[in-house]
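Got your viewer open? Load the model, switch to cartoon, and keep the selection box handy.

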Amino acid sequence: MKKSFTVLLVATLALSACNSWSDSRVNPSNWFGSSQPAAPTETDSNDANALVPAQKEGGGLFSRSAPEDTSVPIAKIDELRIDPTPNGAIVFATGTAARQGAYNAKLVRVDSEENQKNGVLEFTFRVNYPENATNQGTERSRKVTDAININKNDLQSTRLVRVVGQQNALESRRR
């Protein structure tokens, strides 16, 4: 009984000292003062995005050139689904490859003036195939899925999302 009373007494005294904790220099919330206005730093007015580091021209001793894109459009688009997110939307596409072993699936955006004018956001579903010959296999074994994130700015002017494959295309219109 005496131990619990002693612990209770010490806890009470410690809590009564907390009033001075809020003004203490030991309190992490007091380490920085309130914000103050400051003069902006000088940036180049022609710089599109001053926070992104500039790309260096040429290469270093061990640099390589960009690899050649050997991907091809997937044989058939089976499903197109667009799920909203707080920052825009996610476009999910599922397709069937011509043969087994398809890899490196990606939705590649097709930018054209006509698409921008008509409010169309078009993607080509591209995959890579192994260099060695592979079996065709069952349709289920050739399914490939990919997704891409679209921000709110791109969605504002979009009326139609289209995913194109080799044999067909699927579209989803805005409601």
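**Stop one: E79**

Start by selecting E79, which sits in strand β2, the stretch covering residues 76-85. Keep in mind as you click around that this is a predicted model. Is E79 buried, exposed or something in between? Its relative accessibility is 35%, and because buried means under 20% and exposed means over 50%, E79 counts as partly exposed.

Now show what surrounds this residue. Leaving aside residues up to four places away in sequence, E79 touches F92, A93, T94 and L170. Add T145 to the selection and draw a C-alpha to C-alpha distance: E79 and T145 are 66 residues apart along the chain, and the distance should read 9.1 Å.

**Zoom out: the whole chain**

Color by secondary structure. You should get three helices and eight strands, and walking from the N terminus the order is α-β-β-β-β-α-β-β-α-β-β. The protein chain has 175 residues, of which 22% are buried.

If you like contact maps, here is a number for yours. Take the contacts between residues at least 6 apart in sequence: 65% of them join residues at least 24 apart. Turn on the surface and you have about 14200 Å² of accessible area, with 52% of it belonging to carbon and sulfur atoms.

**Stop two: the nonpolar core**

Hide the surface again and select I74, V91, L107, F123, F125 and V163 as sticks. These are the residues with the most contacts inside the largest nonpolar core, which has 18 residues. Which elements give two or more residues to this core? They are β2, β3 (88-96), β5 (120-128), β6 (143-151) and β7 (160-164). Of these, β5 gives the most, with four residues.

While you have strands on screen, a general reminder helps with reading the sticks: in a regular strand the side chains alternate between the two faces of the sheet.

**Stop three: the β7-β8 hairpin**

Follow β7 onward to strand β8, residues 169-173. The two strands pair in the antiparallel sense over five bridges, and they form a hairpin with four residues between them.

Select R162 and look across: E171 in β8 stands opposite. Their side chains also meet in a salt bridge, with an N to O distance of 2.8 Å. E171 is partly exposed, at a relative accessible area of 43%.

**Stop four: more salt bridges**

A search of the whole structure finds eleven salt bridges, so there is more to click on. What does D69 pair with? Select K106: it forms a salt bridge with D69, and the closest N and O atoms are 3.8 Å apart. This pair links distant parts of the chain, since D69 lies in the loop between α1 and β1 (72-73) while K106 belongs to strand β4, 37 residues apart. Both ends are partly exposed: D69 has 47% relative accessibility, and K106 has 25%.

Next, select K76, D78, E139 and K143 together. These four are linked in a network of salt bridges. One of the links is between the side chains of E139 and K143, at 3.8 Å from N to O. E139 counts as partly exposed at 38% relative accessibility, and K143 is partly exposed with a relative accessible area of 38%.

**Stop five: a backbone oddity**

Go back to strand β4, residues 103-110, and pick N104. Check its backbone torsions: phi is near 55 degrees, a positive value in a residue other than glycine. For background, most residues other than glycine have a negative phi. N104 is partly exposed, with a relative accessible area of 42%.

**Last stop: a greasy patch on a helix**

Finish with the surface back on and F5, L9 and L13 selected. Together they make a nonpolar surface patch of about 330 Å². F5 belongs to helix α1, which spans residues 2-16. Is F5 buried or exposed? At 55% relative accessibility, F5 counts as exposed, because the cut-off for that label is over 50%.

Methods
Residues numbered from 1 in each chain as written. Predicted model: local features only at pLDDT ≥ 70, side-chain atom pairs only at ≥ 80, totals over all residues. Heavy atoms only, no water. Buried < 20%, exposed > 50% of the residue type's maximum accessible area, 1.4 Å probe, protein only. Contact = heavy atoms within 4.5 Å. Areas by Shrake-Rupley, 256 points an atom, 1.4 Å probe, with all protein chains shown as cover. Patch = residues over 30% accessible without salt bridge, like charges linked within 9 Å, V, L, I, M, F, W, Y side chains within 5 Å. Core = buried A, V, L, I, M, F, W, Y, C linked by side-chain atoms within 4.5 Å. Pairing = 2+ DSSP bridges.
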